[in-house]
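This report describes the fold of one protein chain, beginning with a single residue and widening to the helices and sheets around it.

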Amino acid sequence: MRIATYNVNSITARLPRLLAWLESSGTDVLCIQETKCTAEQFPAEALREAGYESAVNATGRWNGVALLSRVGLTDVVTGLPGGPEYDGVEEPRAISATCGPVRLWSVYVPNGREVEHPHYAYKLAWLEALRKAVAAEAAGTLPFAVLGDFNVAPTDEDVWDPALFAGATHVTPAERAALSALEGEGLGEVLPRPLKYDRAYTFWDYRELRFPKNKGMRIDLTYGNAPFTAAVKDSYVDREERKGKGASDHAPVVVDLDL
């Protein structure tokens with residue numbers, strides 16, 4: 001079984017590439033972030049024609065998450081139970097479903113913007129709500145995982161130049177502690193291997209030729225419970241999909257399971 005997570009940075013802009021990638025990669029279930037569309041604009045019919053059921057949580061131009069599956073899609077939960085609002089709005093940042101033999105969450109963690117910005121406090125509150133929301137499923141016997149764009153680099157090795165990020169979001173002790181707290185609920189990180197270079201970055205800014213120079217970050221992550229991680233055969237960052245015209249600024253992260 002092949003599962004992947006991919007911040008597409010607009011599913012409508014990326015749809016032709018996404019459909020081609022789904023076919024070539026043989027992905028069974030895809031967790032998507034940053035759909036940047038409403039639920040009505042989501043291309044469910046085109047994905048259905050490609051063999052995928054869809055579950056989507058999207059309300060407009062920003063944010064938005066989805067799950068695509070060709071192995072079943074049931075027991076969908078839209079949103080983050082107990083999650084905080086930002087400026088009085090519950091943003092579409094989480095969706096979960098059972099897909100064949102696994103239970104999966106697709107999440108798009110708030111960026112945080114700057115440490116002194118209210119969005120940073122919102123980010124930490126959102127991560128704490130995520131920890132509480134997944135605790136019961138993480139402790140269960142069904143293979144379970146949370147995948148997505150966490151907007152946190154777990155270690156200094158996960159950013160191309162740690163000195164440039166000093167005092168900035170994505171690398172603060174509080175954000176990394178939130179990831180550790182998530183692991184404290186019985187979830188272990190599935191570490192992907194790079195297909196090029198020695199570090200498996202998943203995001204490269206469009207600016208300053210950062211992708212060709214491999215000045216990236218690893219912020220797209222997979223956390224699975226023991227039944228999930230025990231079934232992992234391989235995981236890698238599909239760096240090739242970041243190349244070329246019309247690419248997202250993220251690359252898909254693929255997880256192969258023996259299920």
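Ala178 has a relative accessibility of 17% and counts as buried, because the cut-off for buried is under 20%. The model discussed here is predicted. Ala178 belongs to helix α4. Its C-alpha atom is separated by 9.6 Å from that of Leu130, a residue 48 places away along the chain.

**The helix pair α3 and α4**

Helix α3 covers residues 118-138, 21 residues in total. From its first C-alpha to its last it reaches 30 Å, close to the 30 Å expected at 1.5 Å a residue. The buried residues of α3 are His119, Tyr120, Tyr122, Lys123, Trp126, Leu127, Ala129, Leu130, Arg131, Val134 and Ala138. These buried residues pack against the strands β6 (94-99), β7 (102-108) and β8 (144-149), and against helix α4 (173-183).

The axes of α3 and α4 lie 9 Å apart, and the two helices pack at an angle of about 5 degrees. That angle makes α3 roughly parallel to α4. On the α3 side the contact is made by Tyr120, Lys123, Leu124, Leu127, Leu130, Arg131 and Val134. On the α4 side it is made by Ala174, Glu175, Ala178, Ala181 and Leu182. Sorted by class, the contact of α3 with α4 contains 9 nonpolar residues, 3 charged residues and no polar ones.

**The sheet beneath α3 and α4**

An open sheet of 6 strands is ordered β5-β6-β7-β8-β10-β9, and its pairing is mixed. Its edge strands, each paired on one side only, are β5 (74-78) and β9 (188-189). Strand β8 is joined to strand β10 (residues 220-224) by 5 bridges, and these two strands run antiparallel. Within that pairing, Gly148 has Leu221 of β10 as its bridge partner. Helix α3 packs on this sheet, touching β6, β7 and β8, and its direction makes about 175 degrees with that of β7. Helix α4 also packs on the sheet; it touches β9 and β10, and its direction makes about 25 degrees with that of β10.

Strands β7 and β8 run parallel and are joined by 6 bridges. Here Val107 has Gly148 of β8 as its bridge partner. Because 6 of the 6 residues of β8 are buried, this strand is largely enclosed by the rest of the structure.

Ala94 is part of strand β6. With a relative accessible area of 1%, Ala94 is buried. Apart from neighbours within four places in sequence, Ala94 is in contact with Asn57, Val65, Thr78, Gly79, Leu80, Trp105, Ser106, Val107 and Trp126. The C-alpha atoms of Ala94 and Gly82 are separated by 12 Å, with the two residues 12 places apart along the chain.

**The sheet that carries α1**

Another open sheet has 6 strands in the order β3-β4-β2-β1-β12-β11, again with mixed pairing. Strands β3 (53-57) and β11 (232-237) form its edges, and each pairs on one side only. From one strand to the next, the twist averages 10 degrees. Helix α1 (residues 11-25) packs on this sheet and touches β1, β2 (29-33), β4 (65-69) and β12. The direction of α1 makes about 160 degrees with that of β2.

Strand β1 (residues 2-7) and strand β12 (residues 253-257) run antiparallel and are joined by 4 bridges. Ala4 stands opposite Val254 of β12.

**Loop residues with positive phi**

Two residues other than glycine have positive phi values, as listed below.

| Residue | Phi | Loop | Relative accessibility |
|---|---|---|---|
| Ser10 | near 100 degrees | between β1 and α1 | 11% |
| Lys36 | about 55 degrees | between β2 and α2 (44-49) | 24% |

Which of the two classes, buried or partly exposed, applies to Ser10? At 11%, Ser10 is buried. Lys36, at 24%, counts as partly exposed, because 24% is not under the 20% limit for buried and not over the 50% limit for exposed.

Notes
Residues numbered from 1 in each chain as written. Predicted model: local features only at pLDDT ≥ 70, side-chain atom pairs only at ≥ 80, totals over all residues. Heavy atoms only, no water. Pairing = 2+ DSSP bridges. Axes fitted to C-alpha atoms, helices over the stretch in contact; angles between N-to-C directions. Contact = heavy atoms within 4.5 Å. Expected span 1.5 Å × (residues − 1). Buried < 20%, exposed > 50% of the residue type's maximum accessible area, 1.4 Å probe, protein only. Parallel < 35°, antiparallel > 145°, perpendicular 65-115°, else oblique. Nonpolar A, V, L, I, M, F, W, Y, C, P; charged D, E, K, R; others polar.
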